[in-house]
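This report covers one protein chain, element by element. Please view the sequence and the model together.

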Amino acid sequence: MSDHNINQPQGHLLARFRCLMEKFSQQATRWTGSSWAFLLSLVALAVWLAWGPFVRPAFNDTWQLVMNTITSIITFLMVFLIQRSQNKDTLAMQLKLNEIIGALKGASNSLINVEDLSEDEVRALHERYQRLIASDCCAGHPRASVSVEQIETVVTS
């Protein structure tokens, strides 16, 4: 048996686990962002507040600790759920923008995957565009179509 055949069941299980987690996180994101989830949190808060006078002594530390613990756990889990959702949305948006850039005549293909550049590289690119806007080539034509490749020629000449 080759190594590929030995690892195949593990790879299949990992792929299946990822698929299940993807479905779970999509459903959880959809539900936690719903009006019903907000209503449920308001009801839970009201029940917790109403329960306060009935504990002995009223509104004691344990009563407060219950809500603090529950909200801490929910907040901890939601941070990861929100980040996962944002990562996926950002990637999808970048793919759509890359498609638009690739389809537009005269657009700079070097801007495709600009999100993969370092922060310093993105800032340097931004500064080049700012110099282009300030240059004479765009004076009176703020919407002139100029690609990033043309910036260096215009700015340095």
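## L45

In this predicted model, L45 has a relative accessible area of 37% and is therefore partly exposed, since that value is neither under 20%, the limit for buried, nor over 50%, the limit for exposed. L45 belongs to helix α2. Its C-alpha atom lies 8.5 Å from that of M67, a residue 22 positions away along the chain.

## Overall fold

The protein chain contains five helices and zero strands, and its elements follow the order α-α-α-α-α from the N terminus. It has 157 residues, of which 14% count as buried. The area exposed by the chain is about 12,700 Å², with 64% of it supplied by carbon and sulfur atoms.

Contacts between residues at least 6 apart in sequence were also sorted by separation: 28% of them join residues at least 24 apart.

## Aromatic pairs

Three aromatic pairs are present in the structure. In one of them, the ring centres of F59 and W63 are 5.0 Å apart and the planes stand at 85 degrees, so this pair is edge-to-face; the angle needed for that class is over 60 degrees. The two partners differ in burial class: F59 counts as partly exposed because its relative accessibility is 42%, whereas W63, at 6%, counts as buried. F59 and W63 also belong to a cluster with W48, linked by ring pairs.

F76 and F80 make another edge-to-face pair, with 5.1 Å from centre to centre and 75 degrees between the planes. Both residues lie in helix α3 and are four residues apart, so about one helical turn separates them. F76 and F80 are each exposed.

## Largest pocket

The volume of the largest pocket is about 690 Å³. Its lining consists of 24 residues, and those closest to the pocket centre are W31, T32, I74, T75 and M78. By residue class, the lining comprises 18 nonpolar residues, five polar and one charged.

Which helices each supply at least two residues of this lining? They are α1 (3-32), α2 (35-51) and α3 (61-103). Helix α3 gives the most, with eleven residues. The exposed pair F76 and F80 is in this helix, α3, while L45 is in α2, another of the helices that contribute to the lining.

How values were computed: Residues numbered from 1 in each chain as written. Predicted model: local features only at pLDDT ≥ 70, side-chain atom pairs only at ≥ 80, totals over all residues. Heavy atoms only, no water. 1 Å grid on protein atoms, 1.4 Å probe; cavity = no way out; pocket = protein on both sides within 12 Å on 5 of 7 lines; lining within 4 Å. Points joined across faces, edges and corners; volume = space filled by probe spheres on them. Nonpolar A, V, L, I, M, F, W, Y, C, P; charged D, E, K, R; others polar. Buried < 20%, exposed > 50% of the residue type's maximum accessible area, 1.4 Å probe, protein only. Contact = heavy atoms within 4.5 Å. Areas by Shrake-Rupley, 256 points an atom, 1.4 Å probe, with all protein chains shown as cover. Phe/Tyr/Trp six-rings, centres within 6.5 Å; stacked < 30°, edge-to-face > 60°.
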